[in-house]
Amino acid sequence: MPGQFANLALSLSRLIDAANALLGRGVAWLSVLLVLLTCAVVLLRYAFGIGATATQELVMYAHALVFMGAAAWAVQRDAHVRVDIFFRRQNARHQALTDLLGTLLLMLPMCLFLAWTCWDYVAVSWTRGERSSEAGGLPFVYLQKSIILLLVGSLLLQAISQIIKTLCVLTGKLPTHLQPDHAEAL
């Protein structure tokens with residue numbers, strides 16, 4: 001990777017990382033909302049005999065947003081599920097090669113498959129203005145389904161960032177592609 005191109009690519013990678021970190025940290029705070037809303041649903045149902053369909057659905061929406069919105073951030077921080085038997089013992093170049101191959105052969109195809117298969121699913125929901133089928137449910141199911149596209153978009157961007165960083169490690173432009181706090185733990 002020529003120096004000027006590598007610097008430009010790393011700038012793009014840092015921008016993607018910052019955007020996914022902002023999204024991930026933002027949706028992580030929804031976990032607090034999940035706990036509070038779940039407690040409210042249980043309290044309303046068992047203490048007062050009141051059903052709260054909209055609140056239950058809001059819990060589902062927030063749950064989906066937490067996991068799908070933070071997925072790219074988890075990949076960025078290397079906090080995703082990994083079979084770490086060999087990876088931990090590898091040097092930085094082998095780790096970069098492992099992650100590059102995983103990104104190219106697993107993450108990118110999975111993201112493209114998800115994008116291909118869910119696009120119509122989400123588009124039809126928007127076209128119909130899909131609403132909850134439950135009485136008292138939320139009127140914007142199409143927004144919940146759109147979270148899938150957020151997952152796909154953020155993971156595709158993170159894949160680009162991963163590819164840039166791993167190529168920079170393989171060409172000697174970076175010492176490691178892992179987050180500094182994670183690299184020190186290895």
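Trainee: In this predicted model, does Asp17 count as buried or exposed?

Mentor: The model is predicted, and the values discussed here are computed from it. A residue counts as buried when its relative accessible area is under 20%. Asp17 has a relative accessibility of 11%. Asp17 is therefore classed as buried.

Trainee: Which residue forms a salt bridge with Asp17?

Mentor: The closest N and O atoms of the pair are 2.8 Å apart, and the cut-off for a salt bridge is 4 Å. The partner has a relative accessibility of 8%, so the partner counts as buried. That partner of Asp17 is Lys165.

Trainee: How many residues apart in sequence are the parts that Lys165 and Asp17 tie together?

Mentor: Lys165 forms a salt bridge with Asp17. Lys165 belongs to helix α6, while Asp17 belongs to helix α1, which covers residues 3-28. Because the two residues sit in these two helices, the pair ties together parts of the chain whose separation in sequence is 148 residues.

Trainee: The structure holds two salt bridges; which residue pairs with Lys145?

Mentor: Lys145 is buried, with a relative accessible area of 13%. Its partner is partly exposed, at 25%. The closest N and O atoms of this salt bridge are 2.8 Å apart, and the partner is Glu130.

Trainee: Where does Glu130 lie?

Mentor: Lys145 forms a salt bridge with Glu130. The pair links distant parts of the chain, 15 residues apart. Lys145 is in helix α6, whereas Glu130 is in the loop between α5 and α6.

Trainee: Is Gln162 buried or exposed?

Mentor: Gln162 is found in helix α6, which spans residues 141-170. Leaving aside residues up to four places away in sequence, Gln162 touches Val75, Asp99, Thr103, Met107 and His177. Its relative accessible area is 6%, so Gln162 is buried.

Trainee: What kind of aromatic pair do Tyr61 and Phe140 form?

Mentor: The structure holds two aromatic pairs. In the pair of Tyr61 and Phe140, the centres are 6.2 Å apart and the angle between the planes is 70 degrees. Planes over 60 degrees apart count as edge-to-face. The pair of Tyr61 and Phe140 is therefore edge-to-face.

Trainee: How many residues apart are Tyr61 and Phe140?

Mentor: Tyr61 and Phe140 form an aromatic pair. Tyr61 is in helix α3 (residues 53-69), and Phe140 is in the loop between α5 (92-128) and α6. The pair links distant parts of the chain, and the separation is 79 residues.

Trainee: Does Phe140 count as buried or partly exposed?

Mentor: Tyr61, the ring partner, has 9% relative accessibility and counts as buried. Phe140 has 29% relative accessibility. Because buried requires under 20% and exposed over 50%, Phe140 counts as partly exposed.

Trainee: What accessible area do the residues of the nonpolar surface patch have together?

Mentor: The patch is formed by Leu97, Leu101, Leu104, Leu105 and Leu106. One of them, Leu105, lies in helix α5 and counts as exposed, at 59% relative accessibility. Together the five leucines have an accessible area of about 480 Å².

Trainee: What radius of gyration does the protein have?

Mentor: There are seven helices and zero strands in the protein, and its C-alpha trace spans about 65 × 35 × 30 Å along the principal axes. A compact globule of 186 residues would have a radius of gyration near 16 Å. The protein instead has 20 Å.

Technical notes. Residues numbered from 1 in each chain as written. Predicted model: local features only at pLDDT ≥ 70, side-chain atom pairs only at ≥ 80, totals over all residues. Heavy atoms only, no water. Helix = DSSP H or I, 4+ residues; strand = E, 2+ residues; numbered from the N terminus. Buried < 20%, exposed > 50% of the residue type's maximum accessible area, 1.4 Å probe, protein only. Contact = heavy atoms within 4.5 Å. Phe/Tyr/Trp six-rings, centres within 6.5 Å; stacked < 30°, edge-to-face > 60°. Patch = residues over 30% accessible without salt bridge, like charges linked within 9 Å, V, L, I, M, F, W, Y side chains within 5 Å. Areas by Shrake-Rupley, 256 points an atom, 1.4 Å probe, with all protein chains shown as cover. Salt bridge = Lys/Arg side-chain N within 4 Å of Asp/Glu carboxyl O. Rg over C-alpha atoms; globule rule 2.2 N^0.38 Å.
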